[in-house]
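User: I'm in my first year and still learning to read protein models. Could you take a close look at the side chains and how they pair up, and then show me the space they surround?

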Amino acid sequence: MPARIPHKQTVAVLPSADLDRDVKWYSEYTGFAKRFANDGYVGLYRDGMEIHLQWHADTAEDPVNGGSVVKFFVESIEGVFKEYLERGTVKASALHLNSPWGTHEFGFFDLNNNAVFFVQDLDP
């Protein structure tokens, strides 16, 4: 039986062809406000809810309407990574420790080409 994953938060990461346009739209039509922005990536926040937008070039190699991305933020990534490594879901090289944006993380693609990430924030 798999171990319980101590889940903290799930954040949808949606593709965007124009971040400035989409940030404005989300602000105006949903009340989500920009919380941070970093090189093609924006976090929007409202009432404890978060949506991330990621810019895509809308080319065959980087489609806007390709697979989506889901990030699960967890308290500790070690046990989660070990489980998925043992299952053969990921290779040891998938784990990225101490990212420039302050996380430990790993990810994989599902059968529909959606990216699934598990992320541990290093700044509590």
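Analyst: Let's start with Arg87, an exposed residue with a relative accessible area of 51%. Here, buried means under 20% relative accessible area, exposed means over 50%, and partly exposed lies in between, with a 1.4 Å probe and protein chains only. Before going on, please note that this is a predicted model: local features need pLDDT of at least 70, side-chain atom pairs count only at pLDDT 80 or more, and totals for chains, interfaces and linings use all residues. Residues are numbered from 1 along each chain as its sequence is written, and side-chain values use heavy atoms, with hydrogens and water left out.

What does Arg87 pair with in a salt bridge? Its partner is Glu83, with 2.9 Å from N to O. A salt bridge is counted when a side-chain nitrogen of Lys or Arg is within 4 Å of a carboxyl oxygen of Asp or Glu. The two residues are about one helical turn apart, because they sit four residues from each other in helix α2, residues 78-87. Helices (H or I, at least four residues) and strands (E, at least two) are DSSP runs numbered from the N terminus. While Arg87 is exposed, Glu83 is buried at 15% relative accessibility.

As a general idea, side chains of opposite charge can pair when their charged atoms come close. The whole structure holds four salt bridges. Another of them joins Asp22 to Arg21, at 2.8 Å from N to O. Asp22 is buried, at 14%, whereas Arg21 is partly exposed, at 47%. A further one links Asp47 with Arg46, at 3.0 Å from N to O. There, Asp47 is exposed, with 62% relative accessibility, and Arg46 is partly exposed, with 34%.

Now for the rings. The search turns up ten aromatic pairs. Rings of Phe, Tyr and Trp (its six-membered ring) pair if their centres lie within 6.5 Å; planes under 30 degrees apart count as stacked, over 60 as edge-to-face, and the rest as tilted. One pair, Tyr26 with Phe32, is edge-to-face, with 6.5 Å between centres and 80° between planes. Both members are buried: Tyr26 has 16% relative accessibility, and Phe32 has 10%. Phe72 and Phe118 instead make a stacked pair, with centres 5.3 Å apart and an angle of 25° between the planes. This pair ties distant parts of the chain together, since Phe72 belongs to strand β5 and Phe118 to strand β7, 46 residues apart. Phe72 is partly exposed at 24%, but Phe118 is buried at 5%. Both also belong to a cluster linked by ring pairs, along with Phe81, Tyr84, Phe106 and Phe108.

Some rings have a charge over them instead. A charge sits over a ring if NZ of Lys or CZ of Arg is within 6 Å of the ring centre and within 35 degrees of the ring normal. Arg35 is placed this way over the face of Tyr45, 3.9 Å from the ring centre. Lys71 does the same over Phe117, at 5.9 Å.

Lys71 brings us to the space you asked about. How much space does the largest pocket hold? The volume is about 970 Å³. Among its 38 lining residues, Lys71 is one of those closest to the centre, together with Tyr41, His52, Gln54 and Trp101. Two or more lining residues come from each of β1 (7-16), β2 (33-37), β4 (49-55), β5 (69-74), β6 (103-109) and β7 (115-121). The lining is made of 16 nonpolar, 13 polar and nine charged residues.

How are those terms set? On a 1 Å grid over the protein atoms alone, a cavity is a set of points where a 1.4 Å probe fits but cannot get out, while a pocket is an open set with protein on both sides within 12 Å along at least five of seven lines; lining residues have an atom within 4 Å of a point. Grid points are joined across faces, edges and corners, and the volume is the space filled by probe spheres set on the points. For the classes, Ala, Val, Leu, Ile, Met, Phe, Trp, Tyr, Cys and Pro are nonpolar, Asp, Glu, Lys and Arg are charged, and the others, Gly among them, are polar.

Finally, step back to the whole chain. Its two helices and seven strands follow the order β-α-β-β-β-β-α-β-β from the N terminus. Of its 124 residues, 32% are buried.
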